[in-house]
Amino acid sequence: MLSRNSLIILEFRERSSRAALFDGIEEGGIRASSSYDSREIDEHEKERAIDGLQDRVNMLKRLTGDIHEEVETHNRMLDRMGNDMDSSRGVLAGTVDKFKMVFETKSSRRMFTLVASFVVLFLVVYYLTR
């Protein structure tokens, strides 16, 4: 008993030997072998498949181009945001340094408590009148 692979190989050899025998013979102006027609059909199918692949490749190129543009836009936004964060960090550091200077002197502490008490008093009056 032959295995399936052996049968396939035997059929392939038989077909190829037949094609080799009848490849050049013509009957009444028509080729005896139908392999010419099948080759033409195969070539047509290959051309259609190639066209389909070209369409897919073009679509992928457009898609990757759009993704590339989107990534560059996001990178520019992130760079701007990083620059803004650096500048705000500098401003915040300056403000913190000023607050430290205010709290280091005793007279400034009194001024701060006076300002804080006015703010608290204003908030209490605002909520009571509301």
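## Surface and burial

The protein chain exposes about 12400 Å², and 61% of that comes from carbon and sulfur atoms. What you're looking at is a predicted model, so keep the confidence scores in mind as you go. How much of the protein chain is buried? Of its 130 residues, buried ones make up 2%.

## The elements in order

Start at the N terminus and walk along the protein chain: the elements run α-β-β-α-α. That gives three helices and two strands. Helix α2 covers residues 35-104, while helix α3 takes in residues 106-129.

## How far to trust it

The average pLDDT for the protein chain is 76, with 68% of the residues scoring at least 70. Which elements sit at the two ends of the confidence range? Strand β1, residues 26-27, has the lowest mean pLDDT of the elements at 44, and helix α3 has the highest at 86.

There's also a stretch to be careful with: over residues 17-33, pLDDT stays under 50. For those residues the model has eight contacts beyond four places in sequence. Where pLDDT is low, the predicted coordinates shouldn't be read in detail.

## Aromatic rings on helix α3

Now for the rings. Searching the whole structure turns up two aromatic pairs. One of them is Phe122 with Tyr126, a stacked pair with 6.5 Å from centre to centre and 20° between the planes. Both residues belong to helix α3, where Phe122 and Tyr126 are four residues apart, or about one turn of the helix. Tyr126 also pairs with Tyr127: the ring centres are 5.6 Å apart and the planes stand at 70°, so this pair is edge-to-face. Put together, Phe122, Tyr126 and Tyr127 make one aromatic cluster.

Are these three residues buried or exposed? Phe122 counts as exposed because its relative accessibility is 57%, and the cut-off is over 50%. Tyr127 is exposed too, with a relative accessible area of 56%. Tyr126, at 43% relative accessibility, counts as partly exposed.

## A nonpolar patch

The cluster residues turn up again in a nonpolar surface patch of about 1100 Å². Phe122, Tyr126 and Tyr127 help make this patch, along with Met111, Leu114, Val115, Phe118, Val119, Leu121, Leu123 and Val125. If you want a place to start looking, try Phe122: this residue lies in helix α3, takes part in the stacked pair with Tyr126 and belongs to the patch as well.

## A salt bridge on helix α2

How many salt bridges are there? The count comes to one. In this salt bridge the side chains of Asp86 and Arg89 meet, with 3.2 Å from N to O. Asp86 and Arg89 both lie in helix α2, three residues apart, which is about one turn of the helix.

As for their surroundings, Arg89 is exposed, since its relative accessible area is 55%. Asp86 has 45% relative accessibility, so this residue counts as partly exposed.

Notes:
Residues numbered from 1 in each chain as written. Predicted model: local features only at pLDDT ≥ 70, side-chain atom pairs only at ≥ 80, totals over all residues. Heavy atoms only, no water. pLDDT = per-residue confidence, 0-100. Contact = heavy atoms within 4.5 Å. Phe/Tyr/Trp six-rings, centres within 6.5 Å; stacked < 30°, edge-to-face > 60°. Buried < 20%, exposed > 50% of the residue type's maximum accessible area, 1.4 Å probe, protein only. Patch = residues over 30% accessible without salt bridge, like charges linked within 9 Å, V, L, I, M, F, W, Y side chains within 5 Å. Areas by Shrake-Rupley, 256 points an atom, 1.4 Å probe, with all protein chains shown as cover. Salt bridge = Lys/Arg side-chain N within 4 Å of Asp/Glu carboxyl O.
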